[in-house]
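Open the model in your viewer and keep the selection panel handy. We will go stop by stop, with something to select at each one.

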Amino acid sequence: MDSQLYNYWLVILLMMTGLYALIARGNLIRKIIGLNIFQVSVFMLYISAGFIREGAAPILSPNVDVYSNPLPHVLILTAIVVSVATTALGLALVIRIKAAFGSIDDDTLSYSSGDSATELSIKTQKSSQ
Amino acid sequence: MIAQHAQILVVILPLLCAPLVLLLGKSRIAVWFTVGVLSVNALLTWWLLLQVLTIGTLRYSLGNWPAPWGIEYRLDPLGALLQVMIASIAAVMAPFLRKLLAEEIGSSRQYAALVAFILLTAGLLGIVATGDAFNVFVFLEISSLSTYALIAIADKRDALLASFRYLIVGTIGATFFLIGIGLVYILTGTLNMDDLAVRLPEVSHTNTTQIALIFVTIGIAIKAAIWPLHAWLIPCYSYAPRGIVAFLAALSTKVALYALARFLFGVFPLADMPIGSVLLEILQLLAIAAMLIGSAAAIAHSNVRAVLAYSSVAQIGYITLGLALATSAGVTAAIIHMFNHAFIKGSLFMCIAILATGSGKHTLESLKGLGHRMPIVGIALLIGGFSLIGVPLTSGFISKWFLITALVQAEKWIWIVAVLLSSVMSIIYVWKIVEAVFDKSDDKQVRSYDLSVDIPIVLLAAVSLYIGINSSALVSTAEQASKWLLGMP
Amino acid sequence: MSDDIILRIVGKFLIPLVVVFALYVQFHGEYGPGGGFQAGVILGAALILYRLLFGDAAARKAVSPRWLRLQAAVGVLLYGGTGVAGILLQGQFLEYNVLLTDPINGQHLGIILIELGVLLTVSATITALAYTFSADSEEHLSDPQVDASSQSDQLRS
């Protein structure tokens, strides 16, 4: 196998790990961790694509002809910020959920049936996660 | 000068307004400042729409870096129409946000809600304004993050859970979209959507392009709540603060559908791609399923907000069906319904929000007889309900008329039966709400309420009525937009 | 933890260095790896370290949540203001060339201002997040994530 492609195998491995953690675990914090692993796999996909063999860091210099592509790094910096914001918001919600429900296990959380409207939606929600 | 930069100002104004409102904090000036900025913005979008209709697509290079290298903002007829819709609804709702939220959110959090509301508006406008695929992702996430915050901002149990679950699903969707964009970037080395449309045909047969298309479609489909990826929508619409839901239901799924249309027709060469026609067939089937299942679920529920949420799933089905036909008539119908449904659902959720003020309950039982006590809201509810069904002289009729015409042209006879069946079902669930709201037997106390919150409802309902009576301007704009979107001269 | 004298003394010595390193990363960002995001996170880390070592009260006294909110908003405004300045000086949005008479100097000035805006917002947001998550009382900051989401847009536009 071409050694160049190892990154991409790692990307796939991480992606599946992250998605598995999202689906399999009821713990909300673990879900957030899974989400982060999933997102990091995509960051690696971009960064790997920016790599150019023998390419130097993209800082102009008279002795260098081949540079790595800096654009994916810049894109991913933005995506990382988005991911940090999402994680922060997710964790803030977990804190509030813990305060409101006394639990952070998704299997024990359910919508209050006071409005008696969402039996169906709860089921579909659970199956979708 | 403003003319030249109007295109970028539409996004920049709300984006800069948000930190200023954060600085102004709880003072009353913050609200009026916001209203001012959003009104100016709405006027700018109207002016831009007229510009686009007369001189064609507008382009703007950020930092004066030319197009495939720099980020380009571009405004086409469809984008301009949607910007008018977003900016107008935002400007109409902003002054009343405080009153609508007063019951559910303490005054200390209201300005945070206002900041998130402005950022949501900016994000939605940005998705439509940009011509850069990665920028779409960024604005999608700006609007999504504000949405998660807004849903949870009242700190109610159910809303927190709904927000968290939406956050997980929504982020998966956004990340799928990011993967899709990454794959096409790796293939072509460009992120400019027009440039992608030029370069993707060369690689239209590679597996990577097919996978990219699937990732992008699924990613956006989650945000647009296309059946069966709609599960997040029901609890969000059922439990989010009432005033917020009206705005979300009106706009956020529509903008995602716009992004879907843009990527399906404006970026990927669907006709050359092996999976292109299969994908459209699948989308048609999902749309039919959405209409039938959504309408059936709406009938089954007794919580009014859940009824309207399922009805949204069904209506999103109509729009998706029009888009997936990929004919000029189909896309025109989809665009018309996108526009109409935003006003219909916005006004319906506003009506429910006002009817439920005080009791805080949304069951049919709790709304009984309120239509007589609040005649303006009751009439607006009737107009919205009739529009949802598609009664002649309302905007919903125009949408359905064009959709059925498109289906006849495409000779999809079974689909027509499904659309009609779904419409019949919508009569049942709308009737359920109307019957309860105008129930005479119930003798509730007359509750005094602030009449000024009726203003946005009257405006939104008036748009529905006006389009029902005189739809020529909307139809010609939609036709132009669909021609442009499908690349026809 | 806050009773540990060794940690406090090492911290007193280290925190200024971390801040200086943040500034190095900030200003070297024009010529090498670095920039506002990285510097902002490092600066935020210095403040969080201070909070860990000297306690919540001392940290809130040094950098109050109110100040952080102000700083985050000013950072975004500085970024956007630089962009709008381009428009006012007859250029495009975010065009740095027109900021000064010499386009190259204009580019320098533009990127420094932009990165400064990013530094302010990122460091404030990161610190505000730490405050929010560690807050025992019900007193919360507004919505740190809202700032974070707005700043995420900054880099690209």
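The expected span of a helix is 1.5 Å times one less than its number of residues. Keep that rule in mind for the first stop, and bear in mind throughout that this is a predicted model.

**Stop 1: helix 2 of chain B.** Select residues 28-55 of chain B, which form helix 2. How far apart are the end C-alpha atoms of helix 2 of chain B? They are 41 Å apart, and the 28 residues should span 40 Å at 1.5 Å a residue, so the two values agree. Just after the helix, click on Gly56(B), which has a positive phi, near 90 degrees.

Now colour the buried residues of this helix. Among them are Ala30(B), Val31(B), Thr34(B), Val37(B), Leu38(B) and Asn41(B). Further along, Leu44(B), Thr45(B), Leu48(B), Leu49(B) and Val52(B) are also buried. To see what covers the buried residues of helix 2, show helix 1, strand 1 (58-61), strand 2 (72-75), helix 3 and helix 4 (107-129) of chain B, which are included in that cover.

**Stop 2: helix 1 against helix 2.** Add residues 2-24 of chain B, which are helix 1. Two packed helices are described by the angle between their axes and the distance between the axes. Here the angle is about 175 degrees and the axes are 10 Å apart. An angle over 145 degrees counts as roughly antiparallel, so helix 1 and helix 2 of chain B are roughly antiparallel to each other. On the helix 1 side, the contact includes Ala6(B), Leu9(B), Leu13(B), Cys17(B) and Leu24(B). Facing them from helix 2 are residues including Ile29(B), Phe33(B), Val40(B) and Trp47(B). By class, this contact has 18 nonpolar, four polar and no charged residues.

**Stop 3: helix 3 against helix 19.** Stay in chain B and select residues 77-101 (helix 3) together with residues 472-485 (helix 19). Are these two helices of chain B roughly parallel or oblique to each other? With an angle of about 135 degrees, helix 3 and helix 19 of chain B are therefore oblique. Their axes lie 7 Å apart. Show side chains for Pro77(B), Leu78(B) and Leu81(B) in helix 3, which meet Thr477(B), Gln480(B), Ala481(B), Trp484(B) and Leu485(B) in helix 19. This contact divides into six nonpolar, two polar and no charged residues.

**Stop 4: Asn192(B).** Centre the view on Asn192(B), in the loop between helix 6 (157-188) and helix 7 (193-199) of chain B. Is Asn192(B) buried or exposed? It has 24 other C-beta atoms within 10 Å, so it is buried. Leaving aside neighbours within four places in sequence, Asn192(B) is in contact with Ala67(B), Pro68(B), Glu72(B), Gly131(B) and Asp132(B).

**Stop 5: chain A.** Switch to chain A, which has four helices and zero strands. Of its 129 residues, 33% are buried. Among the contacts in chain A with a separation of 6 or more, 44% join residues 24 or more positions apart.

**Stop 6: where the chains meet.** Finally, show both chains: 36 residues of chain A are in contact with 35 residues of chain B. Helix 2 (28-50), helix 3 (71-101) and helix 4 (119-128) of chain A each supply at least two residues of the side that touches chain B. Helix 3 of chain A gives the most, with 13 residues. That side of chain A divides into 21 nonpolar, 12 polar and three charged residues.

Conventions: Residues numbered from 1 in each chain as written. Chains lettered and ligands numbered in written order. Predicted model: local features only at pLDDT ≥ 70, side-chain atom pairs only at ≥ 80, totals over all residues. Contact = placed C-beta atoms within 7 Å. Nonpolar A, V, L, I, M, F, W, Y, C, P; charged D, E, K, R; others polar. Axes fitted to C-alpha atoms, helices over the stretch in contact; angles between N-to-C directions. Parallel < 35°, antiparallel > 145°, perpendicular 65-115°, else oblique. Buried ≥ 20, exposed ≤ 12 C-beta atoms within 10 Å, placed from the backbone.
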